[in-house]
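Q: Could you take a close look at the inside of this one for me? I'd like to hear about any enclosed space, and then about the cysteines and the strands.

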Amino acid sequence: MAPSALPRNGFKQNHRPESNIATIDVGGQLFQTTKQTLTLAGPDSLLSKISHSAAPHLPPPFIDRDPELFSILLSLLRTGNLPSKAKALDLHDLISESQFYGIETLMIDSISNPSHFDAFNLEKSLTLPLNGRDSPSVIATTPFGSVHVAHGSKITSFDWSLRKKATILTEFSAVDSMLAVSTELAAVGATDFSGLQIVDLGTGSVRETLSWENVTRSGSTVQAIGSSQESLFVSFESSRRNSNSIMIYDLNTMCPVNEIGHYEIFGAQINSALPATKLKWVPGYNLLMASGSHSGPSGVCGNIKFWDTRSGNVAWEVHEKVDCFSDVTVSEELSAMFKIGVNSGEVFYADLRSLSLGVEQPWVCLGDKRKMVSGKKEGVGCRIESHGSQVYCSKGGDLELWSEVAVGSRKSSGGGSEARHFRKNVMGRMKDMGGSRITNLTFGGNKMFMTRKDQQYVEVWQNSARGY
């Protein structure tokens, strides 16, 4: 038998292995990429199915869609980011195409990823108009930037792209507390309406009503709402205002899990049994911050308690009498609590380590201590919130950004811990700030959301370099 002929290079060629290149015909234009790139779309996506069916001996699969939009989405698959030329196209068209191909989650991750939030490069990018004459009373966001706005008896929801809007009517005359349970559900309450409602934001229907009763079995109103990954926290006060409690519910089933901070108020005990009007979970410490204040003949007094929600015990507690907080927040990243003094209007911080050491007066003023006693309550209506490693404080129509800075040497503060240094920056361009008082401040995705008194819209702030 004659030996088989060898090719000119002297090597015998084997059968060509199956190609890793996939060719797709989109609207008459051919695109080539690797099968691995297509599988990044996810196992249930159209592109992943094409990657498994593509073969060199078969004609390329045909998709009757816009090739220009597909080229943008293919770049998204390759790099994880939208190319700069995407800004020349309509975002709604890109979202519709991403939904068709089953890769909307990649779009969300590229456009509204919380890791892209840049505190020092925020500027007002757009406003979200609301229907009717009512100003926003409370806003709630989801991690990737969809936002729900309560105004009057209505709740208006915007999806993560802020292009799609829907409005529902609630049973409340005005909503005072709201928390986004998901993109479709919100926990909603009011100080003049009994019970907490779990509302379907698509239909306006009430999925469930959560209630709390004291020993007299009177109705209860919602003072504040908070949540962790597993639990929903609700601060209730009886309709007679003589008792209050914090209820803990399973966030998935809405079944009650525990009750903490149950107080029955009798006469002079009111200062030690104030209902919590703000709840914030601190995951690194597994503690729930609950704060409440009361204005009386002797001035404003308040309590800040950090609850161990499993045992029902108070881990740390701060009693406020001198320059009580107008608003208070806690930052896990900075291991500190921050407040605005109701009298001075100044920002204070308290290192959480000083609380664990039992320091009686943990607050350190970051502003002008000489303003402590002026006769005027400078801090009324001010808001303070933490996000990441920064603290945001509204004063009138302006917004301050406080950040910790490292210094060469540290001296011990009065509480025994090292003194810390924070610096203030006024946010925004000149044309963006001033005007009406800021009433709400929250964060979602890579954006900051803000509302102002007597204005029927929501301001959206984001990094202009990453804005679509």
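A: Here is a walk from the cavity to the cysteines, then to one sheet and one loop. Keep in mind that this is a predicted model.

Let's start with the enclosed space. The count comes to one cavity of 30 Å³ or more, and the largest cavity has a volume of about 140 Å³. Its lining is made up of 17 residues, and the ones closest to the centre are Tyr263, Leu274, Pro275, Ala276 and Lys305. Who supplies the wall? Four strands each give at least two residues to the lining: β15 (243–250), β16 (256–264), β18 (287–296) and β19 (299–308). As for chemistry, the lining of the largest cavity splits into eight nonpolar residues, eight polar ones and one charged residue.

Now the cysteines. If you were hoping for a disulfide, the search of the whole structure comes back with zero. Cys301 is in no disulfide, and the nearest cysteine sulfur to its own belongs to Cys324, 6.7 Å away. Seen from the other end, the closest cysteine sulfur to that of Cys324 is in Cys301, and the 6.7 Å between them is too far for a bond; the cut-off for a disulfide is 2.5 Å. Both residues are tucked away from the surface: Cys301 is buried at 13% relative accessible area, and Cys324 is buried too, at 1%.

On to the sheet. Four strands make an open, antiparallel sheet, in the order β21-β22-β23-β24. β21 (325–331) and β24 (364–365) sit at the edges with a single partner strand each, so one side of each has no neighbour in the sheet. In general, strands of a sheet pair through backbone hydrogen bonds, either parallel or antiparallel. Here, β23 (residues 347–351) and β24 pair in the antiparallel sense over two bridges. Another cysteine turns up at this spot: Cys365 in β24 is the bridge partner of Phe348.

Last stop, a loop. Leu40 lies between α1 (35–39) and α2 (46–53). Is Leu40 buried or exposed? At 53% relative accessibility, Leu40 counts as exposed. Even so, Leu40 has company from further along the chain: setting aside neighbours within four places in sequence, Leu40 is in contact with Leu77 and Leu106. Leu40 and Leu77 are 37 residues apart in sequence, and their C-alpha atoms are 6.5 Å apart in space.

Methods:
Residues numbered from 1 in each chain as written. Predicted model: local features only at pLDDT ≥ 70, side-chain atom pairs only at ≥ 80, totals over all residues. Heavy atoms only, no water. Buried < 20%, exposed > 50% of the residue type's maximum accessible area, 1.4 Å probe, protein only. 1 Å grid on protein atoms, 1.4 Å probe; cavity = no way out; pocket = protein on both sides within 12 Å on 5 of 7 lines; lining within 4 Å. Points joined across faces, edges and corners; volume = space filled by probe spheres on them. Nonpolar A, V, L, I, M, F, W, Y, C, P; charged D, E, K, R; others polar. Contact = heavy atoms within 4.5 Å. Pairing = 2+ DSSP bridges.
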